[in-house]
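Here is a short report for a reader meeting this structure for the first time. Please look over the sequence and the model, then read on.

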Amino acid sequence: MAFTLPELPYSRDALAPHMSKETLDYHYGKHHKAYVDKANGALDGSGFENATLEEIIKEGSGFLFNQCAQIWNHTFFWESLSPNGGGEPGGDLRSELEKHFGSVDEFKEKFTKAATSLFGSGWTWLAKNGDGTLEVVNTKDADNPLTAGQTPLLTLDMWEHAYYIDYRNAKPDYLKGFWSIVNWNFADKNLSSA
Ligand code: FE
C-alpha cells in the first residue's frame with residue numbers, strides 16, 4: 001500500500017502574509033512530498049507493507065518511522081492552520097483551555113514559550129492525556145504524542161524549514177503569525193472525538 005501526499009486544505013497562497021506561498025511551495029510541495037516518497041521507497045521488505053501510518057508510528061522505528069511520522073505530522077499541521085483561523089477559540093475547547101491552563105492567553109503563552117525554546121528540530125503540540133487533562137508538549141525530530149499514548153489536538157512545526165523563508169531566525173514572529181492563522185475549529189473537533 002503506497003502512501004499519497006494529501007491535498008492541502010487551502011491554496012498555497014491562502015495563508016499569506018503569515019505563511020507565504022514560497023514556504024508552502026517548499027514545505028508542502030517538497031518537504032512533505034519527500035517524506036511520502038521516501039516512506040514508499042522503504043516499505044518493501046519492511047514488514048509494514050499493508051500497515052497504516054498510525055500503525056507504523058506506533059510499532060515502527062528508524063528510517064521508516066521517521067518518514068511516516070513526518071507524513072502524519074505535516075498533514076496534521078496543515079489542518080492546524082486555516083486562512084479563516086486566528087481569533088478566539090469557542091465551544092468546549094475554550095472551556096477546556098481555561099480549565100487546564102487558567103485562560104486562553106495563558107495557554108497561548110505556555111505554547112509560545114515551549115515552541116520558541118525548543119532546541120533543534122521538532123514539534124510543539126497541544127495534546128490530551130488519557131486522564132482527560134490537556135498538556136503542551138514538545139517532541140524531537142519526527143516524534144509525536146501518539147507514541148506516548150496521547151491524543152494530538154493541535155500542532156506547530158518548529159523545524160527550521162517551517163519558518164526560515166518567511167521569518168529567518170525570528171521564532172517569536174513565526175509564533176505571532178501562527179496565532180493569526182491557528183485553526184481552533186480543528187482542535188475543537190479533535191477534542192470532541194478524543
Ligand atoms: Fe516541516
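Pro17 sits in the segment before H1. The peptide bond leading from Ala16 to Pro17 is cis. Its omega is near 5°. The model is a predicted one, and local features are reported only where pLDDT is at least 70.

**Salt bridges**

The segment before helix H1 also holds Arg12. Which residue does Arg12 pair with in a salt bridge? The partner is Asp25. Asp25 belongs to helix H1, which spans 21-43. The two residues are 13 residues apart in sequence, so the salt bridge ties the segment before the helix to the helix.

Asp25 has a second partner, Lys21. Both residues are in helix H1. They are four residues apart, which means a separation of about one helical turn. Through shared partners, the salt bridges join Arg12, Lys21 and Asp25 into one network.

How exposed are the members of this network? Arg12 is partly exposed, at 33% relative accessibility. Asp25 is partly exposed as well, at 22%. Lys21 is also partly exposed, with a relative accessible area of 41%. A residue counts as buried under 20%, so Asp25 at 22% is not classed as buried.

A further salt bridge links Glu88 and Arg94. Arg94 has 27% relative accessibility and is partly exposed. Over the whole structure, a search finds six salt bridges. The table gives three, among them the two that involve Asp25.

| Salt bridge | Closest N and O atoms |
|---|---|
| Arg12 and Asp25 | 2.9 Å |
| Asp25 and Lys21 | 2.9 Å |
| Glu88 and Arg94 | 2.6 Å |

**Helices H4 and H5**

Arg94 leads on to a helix contact. Arg94 is one of the H4 residues that meet H5. Helix H4 covers residues 91-101, and helix H5 covers residues 104-116. They pack with their axes 8 Å apart. At what angle do H4 and H5 pack? The angle is about 70°. An angle from 65 to 115 degrees counts as roughly perpendicular, so H4 and H5 fall in that class. H4 passes H5 in a left-handed crossing.

Which residues make up the contact? On the H4 side are Arg94, Leu97, Glu98 and Phe101. On the H5 side are Val104, Glu106, Phe107 and Lys110. These contact residues divide into four nonpolar and four charged, with no polar ones.

Helix H4 also contains Asp92. Asp92 touches Asp188 and Leu191, leaving aside residues up to four places away in sequence. Asp92 and Leu191 are 99 residues apart in sequence. In space, their C-alpha atoms are 8.0 Å apart.

**Positive phi in two loops**

Two loop residues have backbone angles to note. Asp141 is not a glycine, yet its phi is positive, at about 55°. Asp141 is in the loop between strand E2 (134-140) and strand E3 (151-157). Is Asp141 buried or partly exposed? Its relative accessible area is 40%, and it is partly exposed.

Arg168 also has a positive phi, near 50°, and is a residue other than glycine. Where does Arg168 lie? Arg168 is in the loop between helix H6 (160-167) and helix H7 (171-181).

Conventions. Residues numbered from 1 in each chain as written. Predicted model: local features only at pLDDT ≥ 70, side-chain atom pairs only at ≥ 80, totals over all residues. Heavy atoms only, no water. Salt bridge = Lys/Arg side-chain N within 4 Å of Asp/Glu carboxyl O. Buried < 20%, exposed > 50% of the residue type's maximum accessible area, 1.4 Å probe, protein only. Axes fitted to C-alpha atoms, helices over the stretch in contact; angles between N-to-C directions. Parallel < 35°, antiparallel > 145°, perpendicular 65-115°, else oblique. Left-handed = near helix turned anticlockwise from the far one by under 90°. Contact = heavy atoms within 4.5 Å. Nonpolar A, V, L, I, M, F, W, Y, C, P; charged D, E, K, R; others polar.
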